[in-house]
Amino acid sequence: MKKKWQKIIHHIADAVGRVIFPPRCVLCDELLEPGQTWLHPQCEKDIFRVQEPVCMHCGRPVLAEGEEFCPDCKRKKNGSFSFRQGKALFVYQGRIKKAMYRFKYANRREYAAYFAVYADEKYGEWLRKIAPEAIVPVPMYGKKQRKRGYNQAKVFANALARQIGVPVRTDLVRRTRNTTPMKLLNDTERKNNLKNAFQTTQSIVKYKKILLVDDIYTTGSTADAVAECMRQAGVNDVFYMSICIGKGH
């Protein structure tokens, strides 16, 4: 009953907010017409949603039916993965790139509501099946977060939590040092870059199944590092969800 009322209050607050701050299209950032939700009809055609066939591990689109893993996941030694399975909403190409830039750096935190609603629509059955006990956003380094003002992964996690009724825990894993942007590094450098970059807290011991979330999945190095840290602390299963994922081929 408490969750039901919390959801009702959130919807009311969201409706009031949409009156005070007219909603903008997630893709082009222009104002929406009355009755339009999240995307202009013409922009809807320019967003690349993740569709089957996809990698069985990370959820990245693959070229052909029957292809089990994407090239990045195939390269992992002996198929050893730190997180059990991942899902993604959109392919990181085209106009979504600018939308994600605004979401991360231009304070367009309201986009998270759309991402969460679509995540529930697309993967609601999967989320209910895996039944995570908590949602954990990939943590940012403290100084970096204070400079930006927010962690976009946490913003998405909070929106998703309101949508599916699973609590967010930001106190289970912390980032102990700043790291170089992963897109600038090769595979070996990525691994070294993330070595000992994350640390769990004692509070994690009561959780056995966690959903880790982030904004963009590229090679999976960050997700692997956080998930491995969690598993070493006693978490049985770590699942992963990102808003966007690189095409990978």
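## Working through a parallel sheet and its helices

Strand β2 (residues 134-137) and β5 run parallel, with four bridges joining them. That's our way into this predicted model; grab the structure and work along.

**Exercise 1. Starting from the β2–β5 pair, work out the strand order of the sheet and find its edges.**

Step 1. Pin down the register of the starting pair: I135 has L211 in β5 as its bridge partner.

Step 2. Step across to the next neighbour. β5 also pairs with strand β6 (residues 237-245), again in the parallel sense, this time over eight bridges. Two spots to check on screen: I210 stands opposite V238 in β6, and Y217 stands opposite I245 in β6.

Step 3. Keep going. Strand β1 (residues 85-91) pairs with β6 over six bridges, in the parallel sense. Here A88 stands opposite S242 in β6.

Step 4. Put the pairs together. The four strands make an open sheet with the order β1-β6-β5-β2, and the pairing is parallel. β1 and β2 are the edge strands, each pairing on one side only. From one strand to the next, the twist averages 20°.

A reminder for anyone tracing this by eye: strands of a sheet pair through backbone hydrogen bonds, either parallel or antiparallel.

**Exercise 2. Are β5 and β6 mostly covered or open, and which helices lie across them?**

Step 1. Count buried residues, with under 20% relative accessible area as the cut-off. For β5 (residues 209-217), eight of the nine residues are buried, so the strand is largely enclosed by the rest of the structure.

Step 2. Do likewise for β6: nine of its nine residues are buried, which leaves β6 mostly covered.

Step 3. Look for helices lying across the strands. Helix α4 (residues 96-105) lies across β1, β5 and β6, and runs at about 115° to β6. Helix α9 (residues 221-232) lies across β2, β5 and β6, running at about 165° to β5.

**Exercise 3. Describe the surroundings of A88.**

Step 1. Place the residue: A88 is found in strand β1.

Step 2. Check its accessibility. The relative accessible area of A88 is 0%, so A88 is buried.

Step 3. List the contacts, leaving aside neighbours within four places in sequence. A88 is in contact with V50, K122, Y123, S242, I243, C244 and I245. S242 should ring a bell from Exercise 1, as the residue opposite A88 in β6.

Step 4. Take a longer jump along the chain. A88 and I216 are 128 residues apart in sequence, yet their C-alpha atoms are 8.7 Å apart in space.

**Exercise 4. Characterise how helices α5 and α7 cross, and say which residues meet there.**

Step 1. Get the geometry. The axes of α5 (residues 111-130) and α7 (residues 152-164) come within 9 Å and cross at roughly 55°.

Step 2. Name the arrangement: α5 and α7 are therefore oblique to each other. Their crossing is right-handed.

Step 3. Collect the residues. From α5 come A112, A113, F115, A116, V117, A119, D120 and L127; they meet V155, F156, A159, L160, Q163 and I164 in α7.

Step 4. Sort them by class. The contact has twelve nonpolar residues, one polar and one charged.

**Exercise 5. Hunt down the backbone oddities: which peptide bond is cis, and which residues other than glycine have a positive phi?**

Step 1. Recall the background: most residues other than glycine have a negative phi, and most peptide bonds are trans.

Step 2. Find the cis bond. The peptide bond from E52 to P53 is cis, with omega near 5°. P53 sits in the loop between α2 (41-44) and α3 (71-74).

Step 3. Now the phi values. N107 has a positive phi near 65°, and its place is in the loop between α4 and α5. A131 has a positive phi too, near 45°, and A131 lies in the loop between α5 and β2.

Step 4. Check the accessibility of both. N107 is partly exposed, with a relative accessible area of 41%. A131 is likewise partly exposed, at 41%.

Terms used:
Residues are numbered from 1 along each chain as its sequence is written. This is a predicted model: local features need pLDDT of at least 70, side-chain atom pairs count only at pLDDT 80 or more; totals for chains, interfaces and linings use all residues. Side-chain values use heavy atoms; hydrogens and water are left out. Axes are lines fitted to C-alpha atoms, for helices over the stretch in contact, and angles run from 0 to 180 degrees between N-to-C directions. Angles under 35 degrees count as roughly parallel, over 145 as roughly antiparallel, 65 to 115 as roughly perpendicular and the rest as oblique. A crossing is left-handed if the near helix is turned anticlockwise from the far one by less than a right angle, and right-handed if clockwise. Contact means heavy atoms within 4.5 Å. Ala, Val, Leu, Ile, Met, Phe, Trp, Tyr, Cys and Pro count as nonpolar, Asp, Glu, Lys and Arg as charged, and the others, Gly among them, as polar. Buried means under 20% relative accessible area, exposed over 50%, partly exposed in between (1.4 Å probe, protein chains only). Two strands pair if DSSP finds at least two bridges between them.
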